[in-house]
Amino acid sequence: MTKGLSTGTCASVCFQEGRIYPLLGVGLGIAVWFIDAFIDRFIFSGDSYMGSLLSAEPVELYMRTSATILFSLFGFLVQYMVRRQHQLEYAVHVGSAELERSEQKFRMLVEASSDWIWEMDAGGHFIYCSPRVQEMLGYVPEELIGRNHLELLSSDQVNLVDGDFSCMAHPVSHRQEGVLLHKSGKRVSVERSYVAVLDQGGERCGYRGVDRDITQRKERERALRKSDARLVSIIEQNEDAIISVDAHGCIIVFNHAAEKMFGYSRAEMIGEPVEMLIPVRFREAHRRGMALFLRNPGEGVSGRFSRIYGLCKGGHETQLDLTISRQRLDDEVIITAVMRDVSMQVRAEEVYRMLSKSVEAAGEVVLITDSHGMIEYVNPAFTRVTGYEAAEVIGEKPSILKSDAQDPKFYRDMWQTITRGDVWRGTMVDRRKDGSYYPALMTVSPIHNDQGEISHFVSLQQDMTEYRRLEEQFLQAQKMEAIGTLVGGIAHDFNNMLAAIQGNLYLARIRLHKGDNSNADERIASVERLATSAAEMVRQLLTFARKDQVSMKPIPLNAFIKEGLKLVQSAIPENITLLREFSAEQMLVNGDATQLQQVLMNLLNNARDAVEHCDQPVIAIGLSRVVPDPDFLHRHPEITAAELAHLSVRDNGVGIPPELIDKVVEPFFTTKHIGKGTGLGLAMVYGAVQTHLGVLEIDSVPGQGTTMHVYLPVLQDGASHGKDEVAEVLAGNGELILLVDDEVEMRDTIGEVLWDFGYRVIEAANGMEALQCYNTHIAEIALVISDVVMPVMGGVDLMQSIRKQDTDVPLILLTGYDFADRRGEIAAIDGCRLIAKPVAIAELSQAVHRMLYPCHPVD
């Protein structure tokens, strides 16, 4: 016992510990001696009490001793049982305290846990909820006690979870993921671990479990899956081929772009060596690069490479841009290659280089401006044609080449056309740096950016100087071909005229001998008409063959066609019926007389050849005014005139096959036999009609004939034209005229006519003689009439010499040649006029009168 305790305390402690019971047993055994002695003395009347106590018989002594021993043993037994009870009570007390501490510790752990711990009865009603439920689901534990756990489940989880709970028949731990509803209604993802609780009979009496909030983890997993899906999508949707290989060079990633690029499917390539995609000649270099990389990760194949080659499934190669990167995942090395097919780019670059060189080497001018018309680029041809260096015009506007050949409206129309996005095509005259002019054929096209806006204009310009020269040669060659055709007919007509002139002169001479003046005058008048017709035929022939530039002016088409037929019909054989179907309505067109005459000539020549083998050949030429209908305007949207002059040439010849109609207007294309045509006729007709802003159409049926339709715009303000001048002979007043001609007969005839007009005449045989005569009579000579072509000195040189003397005497030049190539030179001489031979007498008298009296013109 502990020191300091009181006797009562010790006795109490001893009693409590059962130590008193052995003492009581010994005491009770000793008491047996006294009690037995008392019974013997007083009950059985034995010896004295002390005698009975101290001197007992053996039996009594045995009984007393046995009783003492038994009571002592009983005391010790009772002591053992009491102490055992005390130990049990102490053990229970200690166990209860430990259990209470354990329960407090468990409760602290449960309440401190970040997971929700719960317990349910067999019906699924909560009988315990840890405080964590409030943070997880918004409920305090008391709100959930007695409620069924299904009330916390989302509708898509009820059947699944309820079925899992119902199937649990053994205390085996289960784990599942699910979704619970927060008090606020939001969904909370949980991971649930639970076990069935069985009673003593092995029946399920409830459930215990733990719910862990995994909402954030699920969100991270979803984000990770989304990121992985995004990464996979990026890889799969990337336009570049992406291929990853392991350290052994085997493919582990092969995206869709790689499938398209190389022609292999992903299933074919996963696990295969990447060398399959490398041309044989590059594989050894690839192996060395990989080996170097594996030995030293800091070196090797990582980097960017351009213009490498890949081997496709079909065996063909493609050019690639390649970027290689490496990643280390744990101990594994992954090499990723990103490849872009640049075959098209390489070809585009080659095309670009070719185009650049072509533009630089082109003979045509290439000029590029920004959207405001500022020059940004010119090619070398620009310098060759214009004389301007590129540095001189960069930053300037194309108006630096502007000439006065086009009016401002021309440039406004061009600018409006290109700024609305259309292509402008046309011809113009530009000015070089040295001030000279040159004709140009130009096309201006707008260039649009990706937004569809005009960013630049590109102009292609061709110097047409040489082209115009060749075109003139072409037209002249075609004219000569037509003239060659006319020679036979003209010779026939001239022979007829000469025969008629000879006959009439013979008859006139006979009549004069007989004194029959009236009949002689009639014959002489006939000769005069024949001579005039012959002179007109020669004039038309010279005009037709002249090498003039195109000169557009108003032409009365009705009269022009009728006069033109006089020349052309000489080439039409007499066995061909020529019909004229002319409208009486007058039509004025803006045209070039020479080209229109050539158009008529070529159309009739073609018709003549087409009816060559017909039994009854017929050619009909018609002229009428038409108004274009919608169908015609649909076929020819370029026509803007309200009315058109329709010239048609119809024949009943062989016709043209349909497949050749579009080709007959091409230069040098002909369906005629060798030697019958050059193929230039209809090409010239087509070009001339285009020049006149008209349209050429061809209708033909093989075996039935062909009709050529020419439509020309009619001038609306030219319905009427002037009256023909009346041929009137005007007399002179004795003025002195110097007449120069190397032909004596010509000089005598004209001189006599001038004397008859009332003028005085002095004559000279050439320019040198005339100049001397002029200097002698300089004060008297009022007019000089000279032939152009003469020996010693010609008429033009004579006139220039006279003008050098600062005199303003009027000059008339007569010529029997086509002197068109010197018209400019003659026009430069003031007060000079050129007249073609033969000249009508009345015309000569009027010309002389106009030159002498310019202020009094002939009405």
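**Sheets, cores and helix packing in the predicted model**

Leu693 is exposed, with a relative accessible area of 64% (exposed means over 50%, buried under 20% and partly exposed in between, computed with a 1.4 Å probe on protein chains only). This leucine is found in the loop between helix 21 and strand 21, and its phi is near 60 degrees, a positive value in a residue other than glycine. Val792 offers a second case: its phi is near 65 degrees, again positive in a non-glycine residue. Val792 lies in the loop between strand 25 (781–787) and helix 24 (795–803) and is exposed, with a relative accessible area of 66%. As background, most residues other than glycine have a negative phi.

A few words on the model help in reading what follows. The model is predicted, so local features need pLDDT of at least 70 and side-chain atom pairs count only at pLDDT 80 or more, while totals for chains, interfaces and linings use all residues. Residues are numbered from 1 along each chain as its sequence is written, and side-chain values use heavy atoms, with hydrogens and water left out.

The protein has 26 helices and 27 strands; these are DSSP runs numbered from the N terminus, with helices (H or I) of at least four residues and strands (E) of at least two. Buried residues make up 38% of the 859 residues. Among contacts (heavy atoms within 4.5 Å) between residues at least 6 apart in sequence, 57% join residues at least 24 apart.

We can begin with the sheet that contains strand 2. Five strands form this open sheet in the order 2-1-5-4-3, with antiparallel pairing; two strands pair if DSSP finds at least two bridges between them. Its edges are strand 2 (126–129) and strand 3 (174–181), each of which pairs on one side only. From one strand to the next, the twist averages 30 degrees (angles run from 0 to 180 degrees between N-to-C directions, and axes are lines fitted to C-alpha atoms, for helices over the stretch in contact). Strand 3 is joined to strand 4 (residues 187–198) by eight bridges, and the two run antiparallel; here Leu181 stands opposite Arg187 in strand 4. Helix 8 (residues 215–237) lies across strand 3, strand 4 and strand 5 (204–213), at about 125 degrees to strand 4.

A hairpin comes next in the chain description. Strand 6 (residues 241–245) and strand 7 (residues 251–254) run antiparallel and are joined by three bridges, with Phe254 in strand 7 as the bridge partner of Ile243. Five residues lie between the two strands of this hairpin, and Gly249 in the turn has a positive phi of about 80 degrees.

Turning to the interior, the largest nonpolar core has 35 residues, and those with the most contacts inside it are Leu557, Ile561, Leu603, Leu604 and Ile619. Such a core is a set of buried Ala, Val, Leu, Ile, Met, Phe, Trp, Tyr and Cys residues joined through side-chain atoms within 4.5 Å. Among the elements that each supply at least two residues are helix 18 (557–568), helix 19 (593–610) and strand 19 (618–626). Helix 19 gives the most, with six residues. Leaving aside residues up to four places away in sequence, Ile561 touches Phe582, Leu600, Ile621, Leu623 and Leu647. Apart from this core lies another of 24 residues, among them Ile762, Leu798, Met799 and Leu811.

A parallel sheet is also present. Its five strands form an open sheet in the order 24-23-25-26-27, edged by strand 24 (760–764) and strand 27 (832–836). Neighbouring strands of this sheet are turned by 20 degrees against each other on average, direction ignored. Five bridges pair strand 23 (residues 736–740) with strand 25 in the parallel sense, and Ile737 stands opposite Leu783 in strand 25. Helix 24 lies across strand 23, strand 25 and strand 26 (811–815), running at about 170 degrees to strand 26. Helix 26 packs on the sheet as well, touching strand 23, strand 25, strand 26 and strand 27, and its direction makes about 175 degrees with that of strand 27.

Helix 26 (residues 841–852) also packs with helix 22 (residues 744–757), at an angle of about 65 degrees and with the axes 11 Å apart. Ile750, Val753, Leu754 and Phe757 in helix 22 meet Ile841, Leu844, Ser845 and Val848 in helix 26.
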